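This report covers the largest pocket, the sheet and one helix of a predicted model. Which elements supply the lining of the largest pocket?

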Amino acid sequence: MINCLDSIEDVIRDRDMLKKPIALCCGCFDLLHVGHIHLLSSAYLEKKNLEYKTRKENGLYYSALLVVALNDDASVSFLKGPGRPIYTLEQRAALIAALRVVDYVISFNGNTIDLINKLKPAVYVKGDDRSIETMPERAALEACGTKIVTIERLPGISTTKTILRARKL
């Protein structure tokens, strides 16, 4: 299988050398479904808004980067329980990297705060399953001056529900 994972160092280099702001979206993305596509499409729109804002403020065009950070297999198992992930990190990275809207796919160990402190995203996009007030990463995002955007989840759509439906077949 082709390695579709980028290094965090590559992302930081592009951010700094090419002056490209980052829109960051983190998650397990196990068993890709329409809810994930909705979230990533919304993150892409936030990226485009970031490009417009940067161009308007500076009079220069800077493209932005949509970075998707995938939880590594150990953190997916910790978060979701036994039998997860369904797909390995490499398989999930290949699926996400194949989406046109995504610029970089990186992995992380579940420590979102450390990731945020390294990447210093301009925008952070997350599903609304957790309010901004209860996000553990909120203080790190605010310290970086990151705009936090929550995207409404599609009702009835989740990896867990898909797995349960499939088991009934």
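Strand 1, helix 2, helix 3 (73-80), strand 4 and helix 7 each supply at least two residues of the lining of the largest pocket. Helices (H or I, at least four residues) and strands (E, at least two) are DSSP runs, numbered from the N terminus. The space in this pocket is about 960 Å³. Its lining has 35 residues, and Gly27, Cys28, Lys80, Lys126 and Asp129 are the closest to its centre.

The model is predicted: local features need pLDDT of at least 70, side-chain atom pairs count only at pLDDT 80 or more, and totals for chains, interfaces and linings use all residues. Residues are numbered from 1 along each chain as its sequence is written, and side-chain values use heavy atoms, without hydrogens and water.

The open sheet has 5 strands in the order 3-2-1-4-5, with parallel pairing. Strand 3 (104-108) and strand 5 are at the edges with a single partner strand each, so one side of each has no neighbour in the sheet. Two strands pair if DSSP finds at least two bridges between them; strand 1 and strand 4 pair over 3 bridges. Leucine 24 stands opposite tyrosine 124 in strand 4.

Among the residues of helix 2 that are buried (under 20% relative accessible area, 1.4 Å probe, protein chains only) are Leu39, Leu40, Ala43 and Leu50. Elements covering the buried residues of helix 2 (contact: heavy atoms within 4.5 Å) include the following.

| Element | Residues |
|---|---|
| Strand 1 | 22-27 |
| Strand 2 | 65-71 |
| Helix 4 | 89-97 |
| Strand 4 | 123-127 |
| Strand 5 | 147-151 |
| Helix 7 | 159-168 |

Notes:
Buried means under 20% relative accessible area, exposed over 50%, partly exposed in between (1.4 Å probe, protein chains only). On a 1 Å grid over the protein atoms alone, a cavity is a set of points where a 1.4 Å probe fits but cannot get out, and a pocket is an open set with protein on both sides within 12 Å along at least five of seven lines; lining residues have an atom within 4 Å of a point. Grid points are joined across faces, edges and corners, and a volume is the space filled by probe spheres set on the points.
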